[in-house]
Amino acid sequence: MPQSTKTNQNLPPLHTYTIAYITALPKEQTAVLATLDTIHHQHIPTPASDKNTYTLGSIPPHNIVLTCLPTMGTTAAAGAVTSLLHMFPSIRFVLLVGVAGGIPSNGVRLGDVVVSVPVSGGYGGVVGWDMGKLVAGGKIAMQHAGGSLNRPASKLLGAVNRLRSEYELFGVGVGKVLGTLEGRGGLGREFTRCEGLRDPIGLGDGEGWRWWWWGVIGRMVWGIVFAVLVGVFGFGLEDVRFKVGKGRNKGGETGPEGEKKKGGKKQVNVHYGLVASGNWAVRDAKARDALNKRFDGQLLCIETGGAAGVMNEIPSIVIRGISDYADASANEDWQAYAATVAAVYAKELLGFLHPCVDHMDMHYLSRVGTESDVSQEKENLGQTGSTFSRHHKRLVSNPGTPPEYSLQ
């Protein structure tokens, strides 16, 4: 369970919170909370016009602000991020973490993770698919060059590429980290395990059924042959059965769900590319595929968590776990697990995102040499973050530095 701070004396100043998480569902918020290393029980006054509820915490070296949208959609997200930036002007990056509907024709499966990055065609990583006007024939005429929004900041993309290389070099992925979350603060198994969950991919078409039945028939035939051999030659084939079973487990299980399991857990694949964002939930396979075609067949998922309302307001990146296929089979069975794998990826990403420091902190770093000594050096100079006057900071910092708040 994340550690909790209990007194204001050991809480960081508000101006040190530079990362924001935005979620849209309670399960998404739960998953993010489970990945925080520390939760700061800090009660801060908010304006009456601010409808957000904030949770403060940290994943070293970053201090984080978490908020959950009151409703789904881009409008709610745009309002939330406006209030967020007014309350915490020090926020540099926003991570939109949660669930989405995957595009199976592009290789995306339930329980996978999708990360928004720029793709060919001038798309910045997120498109607002319902940003436009309704024209003749019920078609939507897109705005903003096909609905494309701002791309993630170069610093975020650099962290994504670094983490991607880490996965490729060492094979340490999201699935391995899930085990560390089991049992944290009473977190249910539905958040960390997908055993028993069905992936409906392929069951609705003849091709999927064909391969699934071939697998069933093959296992039945092998069982009959093996039983005959054992009956004729005795039990001397135990070693053969063991080796065959071992080889099958090593190679992974295949079936209509297209899942690969290792150590009883699903392999979590991470996809990088285009995310569609809108106010309407897509629950029709033909509409989903038409939308994918509209964006040159490059869509990986469709979300309603408000990304289109945030991307142009502040440097952001979208991280989505796949909980359905944006068709009639959509339900909530995979939501908890999908939200958790997205939150785990976000945590890993922050490990490769260098913390943002202002000019004053850079001055201390140049004198002391290590970031861990910055607070001690500030204290020696009589200018701690909690007592730093806003007037003094304005004199030594650049005009773009956000104001600093002190804790009372």
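Let's start at one small spot: S116 stands opposite G273, a residue of strand 13. Keep in mind that what you're looking at is a predicted model. S116 belongs to strand 7, which covers residues 113-116. At another point along this pairing, V113 stands opposite V270, again in strand 13. Strand 7 and strand 13 run parallel, and four bridges join them.

Now look at which way the side chains of strand 7 go. V113 and V115 point one way, while V114 and S116 point the other way. Are these residues buried or exposed? All of them are buried, whichever way they point. Strand 7 has another partner too, strand 15, and here the two run antiparallel, with three bridges joining them. If you want to find that pairing on screen, look for V115, which stands opposite I319 in strand 15.

Back to strand 13, since several other elements meet it. Strand 8 pairs with strand 13 in the parallel sense over three bridges, and G128 stands opposite S277 there. Strand 14, residues 299-303, also pairs with strand 13 in the parallel sense, this time over four bridges. In that pairing, C301 of strand 14 is the bridge partner of V275. Why is strand 13 described as largely enclosed by the rest of the structure? Because seven of its eight residues are buried.

Time to zoom out for a moment. The chain has twelve helices and 15 strands. Of its 408 residues, 47% are buried. Its accessible surface comes to about 20300 Å², and carbon and sulfur atoms account for 56% of that. Here's a number about how the chain meets itself: among contacts with a separation of 6 or more, 77% are between residues 24 or more positions apart.

Next, pick out helix 1, residues 26-35. Its buried residues are E28, A31, V32, A34 and T35. They cover an arc of only 160° around the axis, so they sit on the same side of helix 1. What do these buried residues pack against? Their neighbours are strand 2 (17-23), strand 4 (54-59), strand 5 (62-68), strand 6 (93-102), strand 15 (316-324) and helix 9 (335-350). You've already met strand 15 as the antiparallel partner of strand 7.

Strand 4 is worth a stop of its own, because S58 lies in it. S58 is buried, with a relative accessible area of 9%. Leaving aside residues up to four places away in sequence, S58 touches L36, D37, T38, H40, N63 and I64. You can also look from S58 across to P12: these residues are 46 apart along the chain, and their C-alpha atoms are separated by 9.9 Å.

Finally, let's go ring hunting. A pair of aromatic rings is described by the distance of the centres and the angle of the planes. This model has six aromatic pairs. One of them is W129 with W280: the ring centres are 5.5 Å apart and the planes are at 70°, so this pair is edge-to-face. The cut-off behind that label is an angle over 60 degrees. The pair also links distant parts of the chain, as W129 and W280 are 151 residues apart. W129 is in the loop between strand 8 and strand 9, and W280 is in the loop between strand 13 and helix 8. W129 is buried, with a relative accessible area of 8%.

Two more spots involve rings. Y17, Y54 and F88 form one aromatic cluster. And at F295, the ring has a charged neighbour: the charged end of R294 sits over the ring, 5.3 Å from its centre.

How values were computed
Residues are numbered from 1 along each chain as its sequence is written. This is a predicted model: local features need pLDDT of at least 70, side-chain atom pairs count only at pLDDT 80 or more; totals for chains, interfaces and linings use all residues. Side-chain values use heavy atoms; hydrogens and water are left out. Buried means under 20% relative accessible area, exposed over 50%, partly exposed in between (1.4 Å probe, protein chains only). The arc is that of the directions from the helix axis to the C-beta atoms. Contact means heavy atoms within 4.5 Å. Rings of Phe, Tyr and Trp (its six-membered ring) pair if their centres lie within 6.5 Å; planes under 30 degrees apart count as stacked, over 60 as edge-to-face and the rest as tilted. A charge sits over a ring if NZ of Lys or CZ of Arg is within 6 Å of the ring centre and within 35 degrees of the ring normal. Two strands pair if DSSP finds at least two bridges between them. Accessible areas come from the Shrake-Rupley method with a 1.4 Å probe; for residues, only the protein chains shown count as cover.
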